[in-house]
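Work through the exercises below with the sequence and the coordinates at hand. Each task is followed by a stepwise solution.

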Amino acid sequence: TDYLVSNWTPGNKALLQMAVQSWMFSRLENWGTTSWLESMQTKVQDILGEDDKEQRSTLFYEACSAFALYETVAATSILEMALWKEKLKSGW
């Protein structure tokens, strides 16, 4: 994806959009996090609309960092729920 962001052509723009759709958006949809999905869609639209290479790279880095944070929060929430269910099963 770094290559696509750095070498901006109409074809690479379309390829990045498809890659982000299958990589980021589908995961966020599966988690059921509508607000996160909307936030990421806005970030990606900003990337796709940016003509300045350095600004586009910065926006892409920020989007990837936000996505990593979302993944961490989602994973922590799932782990907490699993631990809570296990406590309920054990009668504690």
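## Exercise 1: the nonpolar core

Task: Identify which members of the largest nonpolar core touch the most other members, and which helix supplies the largest share.

Solution.
1. The largest nonpolar core has 18 residues, and those touching the most other members are Leu16, Val20, Met24, Phe25, Leu28, Met40 and Ile47.
2. Helices α1, α2, α3 (34-49) and α4 each contribute at least two residues to this core.
3. The largest share comes from α4, with 6 residues.
4. This model is a predicted one. In soluble globular proteins, nonpolar side chains tend to be buried together.
5. For methionine 40, leaving out residues up to four places away in sequence, the contacts are Met24, Phe25, Leu28, Ala63, Ala66, Phe67 and Tyr70.

## Exercise 2: an aromatic pair

Task: Classify the ring pair of tryptophan 36 and tyrosine 70, and locate both residues.

Solution.
1. The ring criterion gives a count of 2 aromatic pairs.
2. In the pair of tryptophan 36 and tyrosine 70, the ring centres are 4.6 Å apart and the planes differ by 5°.
3. Planes under 30 degrees apart count as stacked, so this pair of tryptophan 36 and tyrosine 70 is stacked.
4. Tryptophan 36 belongs to helix α3 and tyrosine 70 to helix α4; with their positions 34 residues apart in sequence, the pair links distant parts of the chain.
5. Tyrosine 70 has 12% relative accessibility and therefore counts as buried.

## Exercise 3: buried or partly exposed

Task: Assign asparagine 12 and serine 6 to an accessibility class, then list their contacts beyond four places in sequence.

Solution.
1. Asparagine 12 is located in helix α2 (residues 10-31).
2. Its relative accessibility is 14%, so asparagine 12 is buried, the limit being under 20%.
3. Asparagine 12 is in contact with Tyr3, Leu4 and Asn7, neighbours within four places set aside.
4. Serine 6 is part of helix α1 (residues 2-6).
5. Because its relative accessible area is 29%, serine 6 is partly exposed.
6. With residues up to four places away not counted, serine 6 touches Lys53 and Arg56.
7. From serine 6 to glutamine 17 the C-alpha distance is 14 Å, at a sequence separation of 11 residues.

## Exercise 4: a surface patch

Task: Which residues make the nonpolar surface patch of about 360 Å²?

Solution.
1. The patch is made by Met81, Trp84 and Leu88.
2. Methionine 81 sits in helix α4 (residues 53-90).
3. Methionine 81 counts as partly exposed because its relative accessibility is 48%.

Conventions
Residues are numbered from 1 along each chain as its sequence is written. This is a predicted model: local features need pLDDT of at least 70, side-chain atom pairs count only at pLDDT 80 or more; totals for chains, interfaces and linings use all residues. Side-chain values use heavy atoms; hydrogens and water are left out. Patches are made of residues with over 30% relative accessible area and no salt bridge: like charges are joined within 9 Å, nonpolar side chains (Val, Leu, Ile, Met, Phe, Trp, Tyr) within 5 Å. Accessible areas come from the Shrake-Rupley method with a 1.4 Å probe; for residues, only the protein chains shown count as cover. A salt bridge is a side-chain nitrogen of Lys or Arg within 4 Å of a carboxyl oxygen of Asp or Glu. Helices (H or I, at least four residues) and strands (E, at least two) are DSSP runs, numbered from the N terminus. Buried means under 20% relative accessible area, exposed over 50%, partly exposed in between (1.4 Å probe, protein chains only). Contact means heavy atoms within 4.5 Å. A nonpolar core is a set of buried Ala, Val, Leu, Ile, Met, Phe, Trp, Tyr and Cys residues joined through side-chain atoms within 4.5 Å. Rings of Phe, Tyr and Trp (its six-membered ring) pair if their centres lie within 6.5 Å; planes under 30 degrees apart count as stacked, over 60 as edge-to-face and the rest as tilted.
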